[in-house]
Amino acid sequence: GLLEGEKATCYPGFEDKLVGAEVVGDRAVVSGKVITGKGAGAALEFGLTILSVIKGEEAAKKIAKAMIIAEWYYKRCYIIACKKQVTWHLCNTSKI
């Protein structure tokens, strides 16, 4: 299938639908040419992930800051930027 051999995430309980994928618990995952998100609650990470893939990490940081996410809620806990994988995470802290 489309996800064969790729990492992917999904809404809890739908893991069996990701046939051939390595299911991970991250809220947004890029693997190969596919970006997957865990659900509506992960929309911010999903959007920033898409932006970082299309326009780069600096653009995603700039938008996060403009949305005031960077100042009071958003901390980029970590971003794994490999050849084909980028992962954003949110956590409740006050500094970027």
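**Exercise 1. The charged residues of helix α2**

By about how many helical turns are K61 and E57 separated in helix α2? Work this out for the predicted model, and then describe the salt bridges in which K61 takes part.

*Solution.* Begin with the positions: helix α2 covers residues 57-66, and because K61 and E57 are four residues apart in it, about one helical turn separates them. Next, turn to the distance, for K61 forms a salt bridge with E57 in which the closest N and O atoms are 3.7 Å apart; this satisfies the criterion that a side-chain nitrogen of Lys or Arg be within 4 Å of a carboxyl oxygen of Asp or Glu. The side chain of K61 also meets that of E58 in a salt bridge, at 3.6 Å from N to O, and here the two residues are three places apart in helix α2, again about one turn of the helix. Taken together, E57, E58 and K61 are linked in a network of salt bridges. As a last step, consider accessibility: K61 is partly exposed, with a relative accessible area of 26%, E57 is likewise partly exposed at 26%, and E58 counts as exposed at 56%.

**Exercise 2. A salt bridge between a loop and a helix**

Which parts of the chain does the pair R27 and E45 tie together, and is E45 buried or exposed?

*Solution.* Start from the total, which is four salt bridges in the structure. In one of them the side chains of R27 and E45 meet, with 2.4 Å between N and O. R27 lies in the loop between β2 (22-23) and β3, while E45 lies in helix α1, so the pair ties together parts that are 18 residues apart in sequence. The accessibilities can then be assigned: R27 counts as partly exposed at 32% relative accessibility, whereas E45 is buried, with a relative accessible area of 0%. E45 also has a backbone role to note, since the side chain of T49 reaches the backbone oxygen of E45 at 2.7 Å. T49 itself lies in helix α1, which covers residues 43-55, and T49 counts as buried because its relative accessibility is 0%.

**Exercise 3. The hairpin of β3 and β4**

In what sense do β3 and strand β4 pair, and over how many bridges?

*Solution.* First place the elements in order: from the N terminus on, the protein chain runs β-β-β-β-α-α-α, that is, three helices and four strands. Strand β3 (residues 28-31) directs A28 and V30 one way and V29 and S31 the other, and all of these residues are buried. β3 and β4 (residues 34-37) pair in the antiparallel sense over four bridges, and within this pairing the bridge partner of V30 is I35 in β4. The two strands form a hairpin with two residues between them, and in the turn G32 has a positive phi of about 65°.

**Exercise 4. Core and surface**

Which residues make up the largest nonpolar core, and which residues does L3 touch when those up to four places away in sequence are not counted?

*Solution.* The largest nonpolar core consists of six residues, namely L3, A8, C10, L18, A21 and V34. With residues up to four places away left out, L3 touches A8, L18, V19, G20, A21 and V34. For the chain as a whole, buried residues make up 32% of the 96 residues. Among contacts with a separation of 6 or more, those between residues 24 or more positions apart account for 32%. To finish with the surface, the protein chain exposes about 6000 Å², of which carbon and sulfur atoms supply 58%.

Technical notes: Residues numbered from 1 in each chain as written. Predicted model: local features only at pLDDT ≥ 70, side-chain atom pairs only at ≥ 80, totals over all residues. Heavy atoms only, no water. Core = buried A, V, L, I, M, F, W, Y, C linked by side-chain atoms within 4.5 Å. Buried < 20%, exposed > 50% of the residue type's maximum accessible area, 1.4 Å probe, protein only. Contact = heavy atoms within 4.5 Å. Areas by Shrake-Rupley, 256 points an atom, 1.4 Å probe, with all protein chains shown as cover. Polar contact = N/O pair within 3.5 Å; in protein donor to acceptor, adjacent residues only side chain to side chain. Pairing = 2+ DSSP bridges.
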